[in-house]
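Student: Could you take a close look at one part of this model with me? I would like a connected walk through a single sheet and whatever lies across it.

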Amino acid sequence: MGSGLSSSLARGLVKPSPVAKLNWSLLKRFNSSKSSPAYPGASVLNNKCDTNNLVDVSKVLVIGSGGLSIGQAGEFDYSGSQAIKALKEANKQSILINPNIATNQTSHALADEIYYLPVTPEYIIHILEREQPDGILLTFGGQTALNVGVQLEKMGVFERYGVKVLGTPIKTLETSEDRDLFAQALNEINIPIAESIAVETVDDALSAADNIGYPIIVRSAYALGGLGSGFANSPEELRNLASQSLSLAPQILVEKSLKGWKEVEYEVVRDRLDNCITVCNMENFDPLGIHTGDSIVVAPSQTLSDEEYHMLRSAAIKIIRHLGVVGECNVQYALQPDGLDYRVIEVNARLSRSSALASKATGYPLAYTAAKIALGHTLPELPNAVTKTTSANFEPSLDYMVTKIPRWDLAKFQHVKRDIGSAMKSVGEVMAIGRNFEESFQKAIRQVDPSYVGFQGEVFEDLDYELSHPTDRRWLAVGQALLHENYSIEKVHDLTKIDKWFLQKLMNIVTMQKNLETIGALPAVTREVMQNAKKLGFSDKQIALAVNSDELKVRATRKSFGIVPFVKKIDTLAAEFPANTNYLYTTYNAAESDVTFDEHGTLVLGSGVYRIGSSVEFDWCAVSTARALRDVGKKTIMINYNPETVSTDFDEVDRLYFEELSFERVMDIYELETAQGVVISVGGQLPQNIALPLQQNGANILGTNPEDIDKAEDRHKFSSILDSIGVDQPAWKELTSIAEAKSFADEVGFPVLVRPSYVLSGAAMSVIRDESELEAKLTNAASVSPDHPVVITKFIEGAQEIDIDAVAGEGKVLVHAISEHIENAGVHSGDATLVLPPQNLSPAIMARLKEIADKVAEAWKITGPFNMQIIKSDNATTGIPDLKVIECNIRASRSFPFVSKVLGVNFIDIATKAIIKQQVPAPVDLMQVKRDYVATKVPQFSFTRLAGADPFLGVEMASTGEVACFGKDITEAYWTSLQSTMNFNLPLPPSGLLFGGDINAPHLAEVVENVASMGYKLYVTSEGVKNYLEAKLGAQYPVELIEFPVSDKRKLREVFQKYDIKGVFNLAKSRAESLLDQDYVMRRNAIDFGIPLWNESNTAVLFAKALREKLPLKSQAGIPSEVRRWSEFIGGKPV
């Protein structure tokens, strides 16, 4: 199946010679894989051979991806931002719909107009009516945008409104998404795919499996990140899996499993004149069977032969031409490990997570190029936006390699299954660049979490089981086997099916580790050993641990040997052409640096990997900081290693280092660049944690002094300062023993809150209600941060929580925003619904809150951003509510983009000016301004992907993203915000609503009283709840008690279908202890069956009110009042 390329030219293409690079007319004659044009994009565009024949559009609607969730994260902020930049360059007006307020693309610096609304056919139609665009981009907003585009096409909307779909035609998108059409299309060109049968019922799935033979894999059509897919080895496993998958998608595919084969991906680009290039090929470290988003991935591929590489490259080009993709596309293959047999697994005819990785890995701006192609440009006429000297019509060749490792946060969830397979579970990913596999792999491990020093092991109960059954900790099992258990490469390969080439490379790290341990003392380490360890990606800290020393001593020894990292450019042409890139990485595998260090820029530390608690909102903060610095004429240097971000886009800063955010690496770059200073307050907790060591080693930290920051991070210092300035806080005590904890709890009364110092998003924080729980939890908290003591606090139930986001300059507050939470205190602020401007706080309370902010800013001498959480609780004695500070972070918080965009003032812009002491604005009280709108920020959860996890809210953060919408009042704003969350299906009468939870609180009755008269059928699963609701409702609205088989998933599905249950309100008081708890089963199955779940009292009541008020209006003609541009709500485009 060769492409017909001569072998010499083929070899030239991997490392292209100048001729091979530029002579594409010659290459196209060799590429004899053209197929009969059977799909619109394949033929329609071929006859337009005039290169000036651009698509005639002037106003383009860009569909965004909505809230960040597992499987669809920050990469679509990056690709959407690039698309909007391309439209701007072409003088096209851009209208963006995206309710994700934390993103960079939802800023007026990019899009001309923005709608914070649900990405649904209904709202898009309203926008089309209002804005009358003539073009639409569907391939830059992930699966959300693609699915909604296909729906709109089927409804005939694009034709009715005269809107051109730019780029890949809808028919092609449908073909790539519908598994049957896809199989048919690939059969037409003799491309092998995994044998599969599309089915729509469980019984059909079982008979299909009998035909194909077990083991099989189930996939669902139109799903993102492998949602609803999995492996089954028996009919029983298949029955359960198929019934769950069919609740998430109308059609599933039953196909033969190729577990153990290699998985390889190609990113391919095609323009309307049929020019095709493969930009990047990637290979999974893990064999097939693990979703590519949950796999360790290397680029370019390392273990493919020339023949395999070209066979798959030719096939990719043949597929993209046959399907008629116009723009960018990703092809995933399964490749036989010891032969030339392969299967196409899937084709994504849109920008994907892999496209973001490929762009950052090669320096080829895929999204930008795809947007230009969608406007009708061709590859040869487009310049390569990164190098500026060559055409976009070339295949990058790399003189380095990258490793991507996913980041999971499964430990945060109770009952969650930790295995990884064909459905994605990771929340973020890192990318590390090195000159060899060892260097890039060890860098990547440290990027995933700073607690890892590099390739290491962990003790498992059954190591062989861990190796053969992949979980999120599999690489640690491989480390344990090779480093500590003396397993051979053969044995690890047999258990894991990881290619021996990778295992051999890991053995090189093991050998060096053992060598260092044998040396055992720092003075005995020679220059040569130090140099070799650094070339294999060892960190100073890792070397220190091996030779019983400490990081700073190793650093000093290394520098005394003259061993410092070199800085290399990401050069897509492997240094064969002069390339002018500012896209850099450090390596010890080089002889010289590619840049001169004469700019003395200001370092901005990015957010690192996305994880629960730190996500795209910190990327917005980092990008806003860099833009503000550039505006005042400062040179900027960004350090970040997250391929999904806009901050790692090549045109956002003067110099971009794709590097670790560790003390060692930041200090190296600071010294090499002789930087003017470092901004550590805009990247979340990671930069904050290294601020003090950076300062102690001579770095100029801009903004609040790290010693003052430490006084807010350390709970003991924090509390004593609050006492000294007369700011109230809940009763607390520092703990050294369990006995002390017990006596404190007796004194103040349960419940109490236990929390360690220096945490992000409440890790290891827990509310404890009795003594036995106290003992169990404390042993857990101590293991989280051994260097810092644990603090115990009185937990105040039923209190209201308030967030203050503010910016200060030299201890004086410049701007502040006060947002109120709808949920009571006890739900983590990252999982809470925020309301701004606040609707229920009196002027007196607002003034007291401002006074607290002023006192705190002065006491901590704050310059830059800070955030506080305060609880307001009634005081029966004084009659005046208490305001108690529960937390203060002297850095930007996750609500900074929200408050900036709602109030129309960029808080980060002001913070940056305060930090560098230039153009600092006069203080202004934004909360005094009367506004005729309100916005609500709502969390986006990803429980669907976390099988078994209990969807119950507490002090540990569980959400993966957020959305926000505006409205004329809180009901309108919340109504649209909740509909903006992913896959939210509004329950419509006469469907059924299922109720359960705490009957000692009034909320369940309030919800039912609001919706009872609307025509819904009301169901409960327990006698107690039935009696409680009937007592409240009277005889007018019947409440039916239904059967609820807690241990039988299949019967449960039948129950949900039989009673047409389309919404679940489960307002339980506490988290379930058992997996058979009726409330847990109700919550979990609502999630598994794709039904909206309300699991918190205040938001459930608010939504019930919104439903009663807004649902009757849906049937009225005209555009609803919430459909307004962001600039209309805030009165202009200041942000």
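Student: Which residue in β8 is the bridge partner of Ile-216?

Tutor: Happy to go through this with you; please keep in mind that the model is predicted. The bridge partner of Ile-216 is Ala-232, in β8. That pair is a good place to start, and we can build outward from there. Strand β7 spans residues 216–220 and is joined to β8 by 3 bridges, with the two strands running antiparallel.

Now for the sheet around this pair. It is an open sheet of 4 strands, and reading across it gives the order β6-β9-β7-β8, with antiparallel pairing. At the edges sit β6, residues 196–199, and β8, residues 230–232, and each of these pairs on one side only. If you ignore direction, neighbouring strands in this sheet are turned against each other by 25 degrees on average.

Next comes the helix that goes with the sheet. Helix α12 covers residues 235–248 and lies across β6, β7, β8 and β9, the last of these being residues 252–256. Relative to β8, α12 runs at about 155 degrees.

So, to put the picture back together around your question: Ala-232 in β8 is the bridge partner of Ile-216, β8 is one of the edge strands of the sheet, and β8 is also among the strands that α12 lies across.

Terms used. Residues numbered from 1 in each chain as written. Predicted model: local features only at pLDDT ≥ 70, side-chain atom pairs only at ≥ 80, totals over all residues. Heavy atoms only, no water. Pairing = 2+ DSSP bridges. Axes fitted to C-alpha atoms, helices over the stretch in contact; angles between N-to-C directions. Contact = heavy atoms within 4.5 Å.
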